[in-house]
Amino acid sequence: MFQGQLLIVEDEPKTGDYLRQGLSEAGFVVDLAQDGADGLHLALQGEYDLVILDVMLPGLDGWQVLQSLRHRGLQMPVLFLTARDQVEDRVKGLELGADDYLVKPFSFAELLARVRTILRRGRSGNESTVLRVADLELDLLRRRVSRGGRRISLTAKEFGLLELLMRRHGEVLPRSLIASQVWDMNFDSDTNVIEVAIRRLRAKIDEGHEVKLIHTVRGMGYVLEAPEER
């Protein structure tokens, strides 16, 4: 089933081919450019639903490509790929008009989930970069989490798990979905990695708070929701 038309601008041949194949198999029509100038040319010529844009490119870099697109009034969503995990880079991308930011190395499952999230959003405007459920707040750009105004320190996997739960708050997520989205692996019933991660995350998010947000639904999975939503 046709999912949308994508443009990948990536100068690493293996990465570009891997993304093109994976996204094509997921139902997207995909074009691939290997430098900034070709990427900008294709973006100006085609009607793409999303551009997946590497930052470090020969010739024009990703920042310049995005800047040129926005200066020309083109508002198609842009997802940045980069090996640079600096807050300043994420803020710069947002200020230039990027919609999301994925740091290498990343799992294909996470990329696919973010692509679909951006496309569901449509072209009506950028989604907030801050997720909130009750007094819990997750800042996607600055990679910060706080509850009741108190900062909470999370590992990269804990942050990814919490982001998934918050993006789909109120929805019971089975272990298999969490395993594929956060760990990029098939769920093995013999492993307790999901249970351990949830337990650690719950200790950081809910411990010391009267209102608990992370709940276990026996035999089904886990859900993040405020009591008034239950």
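1. Let's start with a small pairing. Strand S8 (residues 144-147) and S9 are joined by 3 bridges, and the two strands run antiparallel. If you want a pair of residues to click on, try valine 145, whose bridge partner in S9 is isoleucine 152. Keep in mind while you look around that this is a predicted model.

2. Now zoom out to the sheet that these strands belong to. It is an open sheet of 4 strands, in the order S6-S7-S8-S9, and the pairing is antiparallel. Its edges are S6 and strand S9 (150-152), each of which pairs on one side only. On average, neighbouring strands here are turned by 25° against each other, direction ignored.

3. Which strands does helix H6 touch? Helix H6 (residues 156-167) packs on this sheet and touches S6, S7 and S8. The direction of H6 makes about 115° with that of S7. Helix H8 (residues 193-205) is another one to find: H8 lies across S7, S8 and S9, and runs at about 165° to S9.

4. Have a look at the loop between strand S6 (130-133) and strand S7 (136-139), where you'll find alanine 134. This alanine has a positive phi of about 55°, although it is not a glycine. Is alanine 134 buried or exposed? Its relative accessibility is 51%, so alanine 134 counts as exposed.

5. Next comes the other open sheet on my list. This one has 5 strands in the order S2-S1-S3-S4-S5, and here the pairing is parallel. Notice that the order across the sheet starts with S2, then S1. The edge strands are strand S2 (28-33) and S5, and each pairs on one side only. Neighbouring strands of this sheet are turned by 20° against each other on average, again ignoring direction.

6. For a closer view of that sheet, go to strand S4 (residues 78-82). How many bridges join S4 to S5? There are 4 bridges, and the two strands run parallel. Phenylalanine 80 stands opposite tyrosine 101 in S5. A handy thing to remember when you follow a strand along: in a regular strand the side chains alternate between the two faces of the sheet.

7. Helices lie across this sheet too. Helix H1 (residues 13-25) lies across strand S1 (4-9), S2, strand S3 (50-54) and S4. H1 runs at about 165° to S2. Helix H3 (residues 62-71) lies across S3, S4 and S5, and its angle to S4 is about 170°.

8. H3 also has a helix partner. The axes of helix H2 (residues 36-45) and H3 come within 9 Å and cross at roughly 25°. Angles under 35 degrees count as roughly parallel, so H2 is roughly parallel to H3. The crossing of H2 and H3 is right-handed. On the H2 side the contact is made by Gly36, Leu40, Ala43 and Leu44, and on the H3 side by Val65, Ser68 and Leu69. What kinds of residue are these? The contact of H2 with H3 has 5 nonpolar residues, 2 polar ones and no charged ones.

9. Valine 65 deserves its own point. You'll find valine 65 in helix H3. With a relative accessibility of 1%, valine 65 counts as buried, because the cut-off for that is under 20%. Leaving aside neighbours within four places in sequence, valine 65 is in contact with Gly36, Leu40, Leu53 and Leu60. The C-alpha atoms of valine 65 and alanine 43 are 9.3 Å from each other, and these two residues are 22 residues apart along the chain.

10. Don't skip the proline in the loop between strand S5 (100-103) and helix H5 (108-121), which is proline 105. The peptide bond from lysine 104 to proline 105 is cis, with omega near -5°.

11. There's a hairpin to look at as well. Strand S10 (residues 214-217) and strand S11 (residues 221-224) run antiparallel and are joined by 4 bridges. Histidine 215 has valine 223 in S11 as its bridge partner. The hairpin has 3 residues between the strands, and glycine 219 takes a positive phi near 80° there.

12. Finally, the chain as a whole. The chain has 8 helices and 11 strands. Of its 230 residues, 48% count as buried. Among contacts in the chain with a separation of 6 or more, 58% come from residues 24 or more positions apart.

Methods:
Residues numbered from 1 in each chain as written. Predicted model: local features only at pLDDT ≥ 70, side-chain atom pairs only at ≥ 80, totals over all residues. Heavy atoms only, no water. Buried < 20%, exposed > 50% of the residue type's maximum accessible area, 1.4 Å probe, protein only. Pairing = 2+ DSSP bridges. Axes fitted to C-alpha atoms, helices over the stretch in contact; angles between N-to-C directions. Contact = heavy atoms within 4.5 Å. Parallel < 35°, antiparallel > 145°, perpendicular 65-115°, else oblique. Left-handed = near helix turned anticlockwise from the far one by under 90°. Nonpolar A, V, L, I, M, F, W, Y, C, P; charged D, E, K, R; others polar.
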